[in-house]
Amino acid sequence: MSSPSRMAHCGSILSFRADPGVGDDPAAYEYWERGALIVSNGHIERVGPAAQLLLADPGLRILDHGQQLILPGFIDTHIHYPQTDIIGAGGKDLLDWLERYTFPAEQRFADPDYARSVAQFFLDELLRNGTTTAQVLGTVHRASAESFFEVAAARHLRMIAGKTMMDRLCPDGLRDEASSTERETRELIEAWHGHDRLHYAITPRFAITSSAEQLASAGRLAREYPDVFIHSHLAENAREIEQVRQLFADRRSYLDVYDHFGLLRDRSTYAHCIYLDDTDRARMSASGAGAAFCPTSNLYLGSGLFDIAASDAAGMRYALATDVGGGSSFSMLRTMGEAYKVAHLSGQHLGPMRAFYLATLAGARLLRLEDRIGHFATGIEADFIVLNPHATPLMARRMAQCQTLAERLLLFMILGDDRAVAQTYILGQPVTPQ
């Protein structure tokens with residue numbers, strides 16, 4: 001007899017084994033037009049052709065999703081929860097936008113009740129859009145990190161977050177001290193890293209707002225806690241890069257600033273990475289660090305275009321990110337669509353198979369969490385989503401004309417948004433955002 005906790009989810013199923021590359025390598029993914037995903041006690045038990053698996057297990061409970069597409073939950077490798085309420089704000093460029101909108105908004109997160117209310121809404125939006133794991137920046141306030149972790153833990157979400165570090169060139173209400181930040185960060189790591197499904201990220205905002213003393217402090221923490229994450233920004237905007245050059249004139253490049261302080265290693269993610277040279281990319285690849293590719297933010301703020309081909313040539317790790325609130329949507333489907341356009345603007349190609357890889361398994365690999373999330377295999381946590389190809393009349397009309405899986409995935413990227421996410425599952429249980 002089947003256990004009450006066991007269930008087969010039937011529908012079209014897609015999961016990646018590796019990077020399909022520019023040629024959509026068929027060995028890089030598994031796809032069943034009529035598949036079954038067997039979930040037991042919050043984890044994947046088996047996945048494969050429905051007829052074969054169901055025949056071998058006649059007492060199994062079945063939830064039939066029809067023609068809908070079942071795939072691992074999206075992984076957003078860089079997003080700011082305190083910027084939820086400034087999405088769509090203006091600004092001439094990155095630095096102007098920070099001063100006019102971001103810094104004033106972030107000062108409100110000293111209030112834990114306010115931080116908790118935003119965290120609740122933020123996580124609802126992620127789940128509504130099919131994102132089941134994210135790497136999240138807080139503010140300098142300890143309450144911002146604690147409130148986020150409390151809300152995420154109550155929902156049993158696999159999330160990465162951290163208190164942002166800033167000790168100069170920012171408003172007084174967002175400035176901390178290197179010594180107090182190190183103490184608070186250590187206490188937050190001890191309290192939250194490894195608690196339930198949570199992870200901590202050492203989070204200097206960027207080199208401009210962290211002194212050499214604070215970056216050295218971040219490096220000490222990184223050595224003391226080698227399994228925690230490191231999360232920051234890098235080479236997003238020309239004015240930003242020039243300011244970093246003036247502040248750290250003895251360093252070869254912006255990346256070299258972080259490298260000098262011991263902040264390049266496995267589990268370190270740098271958002272944007274637009275203006276890197278070949279030496280920088282080779283160093284990132286060798287160190288195990290990776291990039292969060294943020295197409296909607298880079299386009300919205302006019303920052304520049306991520307170089308997919310150069311990153312591939314260097315063997316650099318990268319995955320997709322929404323970068324809300326500079327990014328203009330919580331939807332990883334829309335983010336994939338914008339990444340497709342960024343590639344075209346650069347004279348490059350990002351096919352739909354690879355785009356979906358970058359939103360799932362690539363994120364897990366970048367974060368070194370592929371043993372837990374990002375694909376379907378025995379023992380992997382059952383965080384997955386169901387996409388409805390008929391979510392809107394236009395989608396239904398266009399999907400009816402598709403002949404291949406790649407064509408259908410492209411339409412999800414171009415026409416899809418939160419309306420296409422029929423259901424999100426966390427540890428095998430359906431969740432309903434408020």
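Of the 434 residues in this protein, 61% count as buried. Keep in mind as you look around that this is a predicted model. The surface that remains exposed comes to about 15,800 Å², and carbon and sulfur atoms supply 50% of that area.

What about the overall shape? A compact globule with 434 residues would have a radius of gyration near 22 Å, and the protein comes in at 21 Å, so the value agrees with that picture. Measure the C-alpha atoms along the principal axes and they fill a box of roughly 65 × 45 × 40 Å. Inside that box you'll find 16 helices and 16 strands. The chain also brings together residues from far along its sequence: among contacts between residues at least 6 apart, 77% join residues at least 24 apart. As for charge, there are 41 positive and 53 negative ones, and their mean positions sit 2 Å apart.

Now for the aromatic rings. A pair of aromatic rings is described by the distance of the centres and the angle of the planes. A search of the whole structure turns up 18 aromatic pairs. Take Phe149 and Trp192: their ring centres are 5.3 Å apart and their planes meet at 20°, so this pair counts as stacked. Phe149 belongs to helix H4 (residues 142–154) and Trp192 to helix H5 (residues 178–192), so the pair ties together parts that are 43 residues apart in sequence. Both Phe149 and Trp192 are buried. They also have company, as ring pairs link Tyr81, Phe109, Tyr114, Phe122, Phe148, Phe149, Trp192, Tyr200 and Phe330 into a cluster.

Stay in helix H5 for a moment and find Ala191. This residue is partly exposed, with a relative accessible area of 45%. Its C-alpha atom is 9.9 Å from that of Phe149, and the two residues are 42 apart along the chain.

Next, head for Arg205, in the loop between strand S9 (198–204) and helix H6 (212–224). Is this charged residue buried or exposed? Arg205 is buried, with a relative accessible area of just 3%, and the cut-off for buried is under 20%. Look around Arg205 and, leaving out residues up to four places away in sequence, you'll see that it touches His80, Gln83, Leu98, Thr102, Phe103, Glu106, Thr164, Met165, Met166, Ser232 and His233. One of these, Met166, is 39 residues away from Arg205 in sequence, yet their C-alpha atoms are 6.4 Å apart in space.

Another residue on that list, Glu106, deserves a stop of its own. Glu106 lies in helix H2 (residues 94–106), and it counts as buried at 0% relative accessibility. Again leaving out residues up to four places away in sequence, Glu106 touches Pro82, Gln83, Thr139, His141, Leu174 and Arg205. Gln83 therefore turns up beside Glu106 and beside Arg205 as well.

Back in the loop between S9 and H6, you'll also come across Ala207. Ala207 counts as buried too, at 0% relative accessibility. Apart from neighbours within four places in sequence, Ala207 is in contact with Arg168, Val244, Phe248, Tyr254, Val257 and Tyr258. For a sense of distance, Ala207 and Ala314 are 107 residues apart in sequence, and their C-alpha atoms are 24 Å apart in space.

Last come a few spots where the backbone does something less common. Most residues other than glycine have a negative phi, and most peptide bonds are trans. Asp24 has a positive phi of about 55° although it is not a glycine. You'll find Asp24 in the loop between strand S1 (6–16) and strand S2 (29–40), where it is partly exposed with a relative accessible area of 23%. Ala235, also not a glycine, has a positive phi of about 50°. Ala235 sits in the loop between strand S10 (229–234) and helix H7 (238–247), and with a relative accessible area of 0% it is buried.

Which peptide bond is cis? The one from Val324 to Gly325, with omega near 0°. Gly325 lies in the loop between strand S13 (317–320) and helix H12 (332–345).

Definitions and conventions: Residues are numbered from 1 along each chain as its sequence is written. This is a predicted model: local features need pLDDT of at least 70, side-chain atom pairs count only at pLDDT 80 or more; totals for chains, interfaces and linings use all residues. Side-chain values use heavy atoms; hydrogens and water are left out. Rings of Phe, Tyr and Trp (its six-membered ring) pair if their centres lie within 6.5 Å; planes under 30 degrees apart count as stacked, over 60 as edge-to-face and the rest as tilted. Helices (H or I, at least four residues) and strands (E, at least two) are DSSP runs, numbered from the N terminus. Buried means under 20% relative accessible area, exposed over 50%, partly exposed in between (1.4 Å probe, protein chains only). The radius of gyration is taken over C-alpha atoms; the globule rule is 2.2 Å times the number of residues to the power 0.38. Contact means heavy atoms within 4.5 Å. Accessible areas come from the Shrake-Rupley method with a 1.4 Å probe; for residues, only the protein chains shown count as cover. Lys and Arg count as positive and Asp and Glu as negative; His and the chain ends are not counted. The place of a charge is taken as NZ of Lys, CZ of Arg, CG of Asp or CD of Glu.
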